[in-house]
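Biologist: I should like to go through this model with you and ask, term by term, what justifies each description.

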Amino acid sequence: MRRSGIITLLTDFGDRDPFVGVMRGVILSRFPEARIVDLVHQIPPQRVRAGAFWLERAHRWFPEGTVHVAVIDPGVGTERRIVGASADGHLFLAPDNGLLGPVLENSQKTRVVLLDLERLSALGIDPPSATFHGRDIFAPLAAEMAAQRLRLRALGPVIETDALVPSALPRPIEKKDRVEGEVVVVDRFGNLITNIPGENVGPKAAVEIRGKQIPLARTYGDVAAGAYLALVSSFDRLEIARAEGSAAEGLAATVGERVVVTSPVLRDAHS
Amino acid sequence: MRRSGIITLLTDFGDRDPFVGVMRGVILSRFPEARIVDLVHQIPPQRVRAGAFWLERAHRWFPEGTVHVAVIDPGVGTERRIVGASADGHLFLAPDNGLLGPVLENSQKTRVVLLDLERLSALGIDPPSATFHGRDIFAPLAAEMAAQRLRLRALGPVIETDALVPSALPRPIEKKDRVEGEVVVVDRFGNLITNIPGENVGPKAAVEIRGKQIPLARTYGDVAAGAYLALVSSFDRLEIARAEGSAAEGLAATVGERVVVTSPVLRDAHS
Amino acid sequence: MRRSGIITLLTDFGDRDPFVGVMRGVILSRFPEARIVDLVHQIPPQRVRAGAFWLERAHRWFPEGTVHVAVIDPGVGTERRIVGASADGHLFLAPDNGLLGPVLENSQKTRVVLLDLERLSALGIDPPSATFHGRDIFAPLAAEMAAQRLRLRALGPVIETDALVPSALPRPIEKKDRVEGEVVVVDRFGNLITNIPGENVGPKAAVEIRGKQIPLARTYGDVAAGAYLALVSSFDRLEIARAEGSAAEGLAATVGERVVVTSPVLRDAHS
C-alpha cells in the first residue's frame with residue numbers, strides 16, 4: 001500500500017475544547033512528518049449517521065495511503081469494539097458502530113480487522129483511559145499506520161464485513177416507479193442532502209419533500225432568489241436547496257425527512 | 001516570483017461540513033508539501049464584503065509567493081467569471097464578484113487574468129461540478145500555482161482591473177471637514193471595524209456613531225470597564241470598541257452603520 | 001533543550017475573524033518548517049481561568065521542545081507584563097495574568113523570564129500595535145524560539161515564580177474528611193470538569209453538586225441514558241457527566257459551581 005503521510009480526523013469533538021489539538025500532539029509525537037487534516041469535528045454529538053455519510057463521501061478526495069480516523073463514539077470505554085479497515089487503498093480506524101458502513105458498501109476491495117486490545121501494549125501503546133480513546137488508541141495507531149510502521153493486519157484478526165454493527169446510514173428504497181430516501185445531512189447553508197444517488201435522478205425526475213414538488217436545476221444561481229431547487233450535489237447525492245436562502249428553514253425540514261423521486265432512473269436489477 | 005509553498009483559504013464554508021477538509025485533500029493530492037492555512041471560513045454565507053475586507057488586510061502578513069484562495073461564491077456554476085491575480089508578489093484566485101477589489105486597489109503592482117474554462121482540461125483539471133468550484137477549480141489551480149508548475153498567465157487572458165465587477169468594499173467619503181465611513185466587520189469581541197484608514201484619525205479627531213461621540217484611546221485597557229472607545233485597530237482601520245464588553249451589542253450597531261470622523265487628517269489631494 | 005518544531009496556539013480569538021490565520025502567516029514567514037497546532041481558540045473572551053486549565057492539562061501530550069503560546073489577554077497594550085517560561089522541557093509565552101499558574105505549579109523544573117520590550121528591536125521584532133500582541137509579539141517570538149534561534153534567557157531577566165500574577169485557577173481545598181473544589185470548565189458535551197485531581201477520588205468517594213449525590217462510574221456507557229455519573233476524566237480530573245445528555249443543562253450548573261467529595265483520598269500531608 002502506498003503511503004501518503006496524511007491522517008484525516010472526523011469527530012464530534014467540536015472546537016471549544018482542546019480534544020482535537022491533543023490528538024494532534026499525540027500523532028506528531030510519534031510521527032512528526034504527519035500531515036493532519038481536519039475533515040470535520042462539528043458532527044452533532046453522537047450522530048453516527050452524519051459522520052458515516054461524510055466519511056464515505058469525503059475520503060475519496062484524498063490520495064491512496066491516507067489514514068482516516070473517525071471518532072463518534074458514544075460507547076467509548078464500554079465493550080464496543082474498535083475496527084480497522086482498508087478500502088480501495090485507504091485505511092480507516094473507527095469504533096464498530098456503523099460509522100464505516102457506507103465506506104465498506106461503496107468500495108471494491110475491502111478488508112476489516114478487529115482491534116485486539118490485548119496487543120496494544122505490544123504495539124507500544126499505553127493503557128488507555130476509559131473516556132478518550134481518540135487520544136489514547138486512535139491517534140497513536142493512526143500515527144504508526146501512517147508512518148508505515150504498523151500494518152492493518154497487526155491490529156488483530158480479520159473479520160467479515162457482515163459481522164460489524166450495521167451501517168448507520170439508511171439506503172434509499174427503489175420501488176417500481178420511485179426511489180424513497182431521506183435527508184441525511186443539513187449543511188451550513190441549510191441545504192438538505194439526501195441519501196439518493198445522483199444516478200437515480202434523471203432529467204425527467206420529479207422530487208417531492210413535505211408534500212411539495214421541487215423543480216430540478218443544475219446550480220443555485222439557475223433559479224430566482226428564494227426559489228427551491230433540487231439538484232445533484234457536488235458529492236453526487238440528491239440535494240434540495242433554496243437560492244440565497246436555507247431550504248431547511250424554509251421547508252421546516254431536517255435530518256430524517258422523507259424525500260421521494262418519481263420517474264427516477266432505476267439501477268439495473270443485475271448491478 | 002518567489003515560492004512560499006503556502007496556500008491560504010478564505011471562504012464562507014464554515015466548519016460544520018467537510019468542505020474545507022476536502023479542499024485540503026485535493027491540494028495535498030497534487031502538492032504534498034503545501035502548507036495550507038485557514039485564513040477564515042466563518043464569513044457569513046455570501047457576504048462578499050467582509051471577505052473582501054479581510055482578504056486585503058490579512059494577506060499582507062504572509063510571505064510573498066503565497067497563493068490566496070478566496071471562495072465566497074453565490075454565483076457558483078453560473079456565468080460568473082473566475083479570476084487570478086498577482087499583487088505585490090502575492091497570488092490570488094477568486095470569483096469575479098468584488099472580492100479582490102480592495103487587494104487590487106491597495107497594491108502597487110498588479111496583474112489580473114480571466115480564467116479560461118476551456119483550458120482546464122489542458123491544465124490537467126477534470127470537468128468541475130456545478131456547485132463546488134472551491135474543490136474542483138480553485139483547489140487544484142492553487143496547488144499547481146503554489147508548486148510553481150502553473151504560471152498566472154497560463155490561466156487565460158490578461159484583463160484590465162476596471163473590467164472586473166466593482167469592489168465589494170465601499171470606500172469612505174472624504175469631505176471638507178469630515179470622513180464618512182461605515183462599519184464593515186463586527187469581530188468576535190463585538191468590536192465595530194470600519195473602512196476608515198488609520199491615517200484619517202489624527203489626535204484631534206472626533207468619532208461619532210449612532211449619534212454618540214466616542215472618545216479616542218490607544219487600547220482597550222486605557223478606559224474603564226464598560227466604556228466605549230475609538231481606536232486605530234491593529235489592522236490600521238478605525239475601530240469602535242467597548243472595554244470588557246461588546247460595542248456591537250451596547251450600541252446596537254452592525255455592518256453598514258454610518259461612522260463619521262470630524263477634524264480628520266485628510267489625505268493630500270494629490271495622493 | 002530539544003526542538004520539536006511544534007508551536008501550539010491557545011487563545012480566545014474564536015474563528016470568525018482571521019486573527020489566528022494571521023498569526024500563522026507571521027510564524028511561517030519566519031520559520032517555514034513550523035508545525036503549528038491549534039490547541040483551542042474558543043475559550044470564552046477573557047476567561048483566563050479556562051485557558052489556564054487547558055494549557056496545563058493539554059501541553060503534556062506534546063513532545064518536549066514544543067513552544068506553547070497562550071493569548072487570553074484583556075490587558076493587551078497596557079502595562080501588563082509578558083512572560084516566557086520553561087517547564088519540564090516545554091516552552092511557554094503568555095501575558096502575566098495567571099495563565100501560566102497551573103503549568104508552573106505542576107511542573108518540576110521551571111524557569112520564568114520577563115519579556116524586556118526594550119529588547120524587541122534587537123531581536124528583530126518590529127514595534128508592536130497596541131491591540132494585537134498575539135501577532136506582533138507572541139507569534140514572532142514563538143517562531144524564533146521554535147526555530148532555536150532565540151533562547152528563553154534572551155527575552156529578559158529571570159524572575160521568581162511568586163513574582164507573577166497569581167494562578168487564574170483555584171485549587172481545591174482539602175479538609176479533614178472532604179475536598180471542596182469547583183467546576184472550572186464545561187466542555188462541548190456539557191460535562192462539568194472540576195479542579196479536583198483524580199487522586200482525591202477513591203472508590204469510596206461520594207460526590208455532591210447542587211445538593212445532589214452523583215454516583216461514581218468509569219465511563220459514560222456504564223450508566224443508563226439520562227443518568228448522572230461522576231468519573232475521573234481522561235485528563236485526570238473529577239468530572240460530572242450525564243449519559244447521552246448534558247450534565248450542565250440537566251443540573252443547571254456552570255463554571256464556578258461548588259463540588260464536594262466526601263470520603264476522599266487525601267494527599268500525604270508531607271507531599
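The exchange below takes up burial, salt bridges, helix packing and the chain interfaces.

Modeller: Please bear in mind throughout that this is a predicted model.

Biologist: Why is B:Thr219 called buried?

Modeller: Buried means under 20% relative accessible area. B:Thr219 has a relative accessible area of 0%, and therefore it is buried. The residue is found in the loop between strand E12 (212-214) and strand E13 (228-232) of chain B. Leaving out residues up to four places away in sequence, B:Thr219 touches B:Leu229 and B:Leu231, together with C:Val76, C:Gly77, C:Thr78, C:Ala130 and C:Thr131.

Biologist: Why does B:Gln46 count as partly exposed?

Modeller: Partly exposed lies between the buried limit of 20% and the exposed limit of 50%. The relative accessibility of B:Gln46 is 34%, so the residue counts as partly exposed. Its place is in the loop between strand E2 (35-40) and helix H2 (48-59) of chain B. Beyond neighbours within four places in sequence, B:Gln46 is in contact with A:Glu244, B:Asp12, B:Ile72 and B:Pro74.

Biologist: What makes the pairing of A:Arg24 and A:Asp38 a salt bridge?

Modeller: The rule asks for a side-chain nitrogen of Lys or Arg within 4 Å of a carboxyl oxygen of Asp or Glu. For A:Arg24 and A:Asp38 the N to O distance is 3.0 Å, so the rule is met. The pair links distant parts of the chain, with A:Arg24 in helix H1 and A:Asp38 in strand E2 (residues 35-40), 14 residues apart. A:Arg24 counts as buried at 14% relative accessibility, whereas A:Asp38 is partly exposed at 30%.

Biologist: How do you know that A:Asp116 forms a salt bridge with A:Arg119?

Modeller: Their closest N and O atoms are 3.6 Å apart, and the limit is 4 Å, so the pair qualifies. A:Asp116 counts as partly exposed at 24% relative accessibility, and A:Arg119 is partly exposed at 31%.

Biologist: What is the N to O distance in the salt bridge of B:Asp136 and B:Arg135?

Modeller: That distance is 2.6 Å. Both B:Asp136 and B:Arg135 are buried. Over all chains, a search of the whole structure finds 51 salt bridges.

Biologist: How many salt bridges are there between chain B and chain A, and how many across the interface of chain B and chain C?

Modeller: The count between chain B and chain A is zero, and across the interface of chain B and chain C the rule likewise finds zero. Chain B and chain A bury about 2,500 Å² between them, 60% of it on carbon and sulfur atoms. On the chain B side, B:Arg16, B:Pro18 and B:Thr131 lose the most area to chain A, together 23% of what that side buries. Chain B and chain C also bury about 2,500 Å². There, B:Trp61, B:Arg188 and B:Phe189 supply 29% of the area that chain B buries.

Biologist: What makes helix H1 and helix H4 of chain B a packed pair, and which residues make the contact?

Modeller: The axes of H1 (residues 19-30) and H4 (residues 133-146) of chain B come within 8 Å and cross at roughly 35°. The contact is made by B:Val22, B:Met23, B:Val26, B:Ile27 and B:Arg30 of H1(B) and B:Gly134, B:Arg135, B:Ala139, B:Pro140, B:Ala143 and B:Glu144 of H4(B). By class these are seven nonpolar, one polar and three charged residues. H1(B) passes H4(B) in a right-handed crossing.

Key: Residues are numbered from 1 along each chain as its sequence is written. Chains are lettered from A and ligands numbered from 1 in the order in which they are written. This is a predicted model: local features need pLDDT of at least 70, side-chain atom pairs count only at pLDDT 80 or more; totals for chains, interfaces and linings use all residues. Side-chain values use heavy atoms; hydrogens and water are left out. Helices (H or I, at least four residues) and strands (E, at least two) are DSSP runs, numbered from the N terminus. Buried means under 20% relative accessible area, exposed over 50%, partly exposed in between (1.4 Å probe, protein chains only). Contact means heavy atoms within 4.5 Å. Buried area is the accessible area (1.4 Å probe) that two parts lose on being put together, summed over both. Axes are lines fitted to C-alpha atoms, for helices over the stretch in contact, and angles run from 0 to 180 degrees between N-to-C directions. A crossing is left-handed if the near helix is turned anticlockwise from the far one by less than a right angle, and right-handed if clockwise. Ala, Val, Leu, Ile, Met, Phe, Trp, Tyr, Cys and Pro count as nonpolar, Asp, Glu, Lys and Arg as charged, and the others, Gly among them, as polar.
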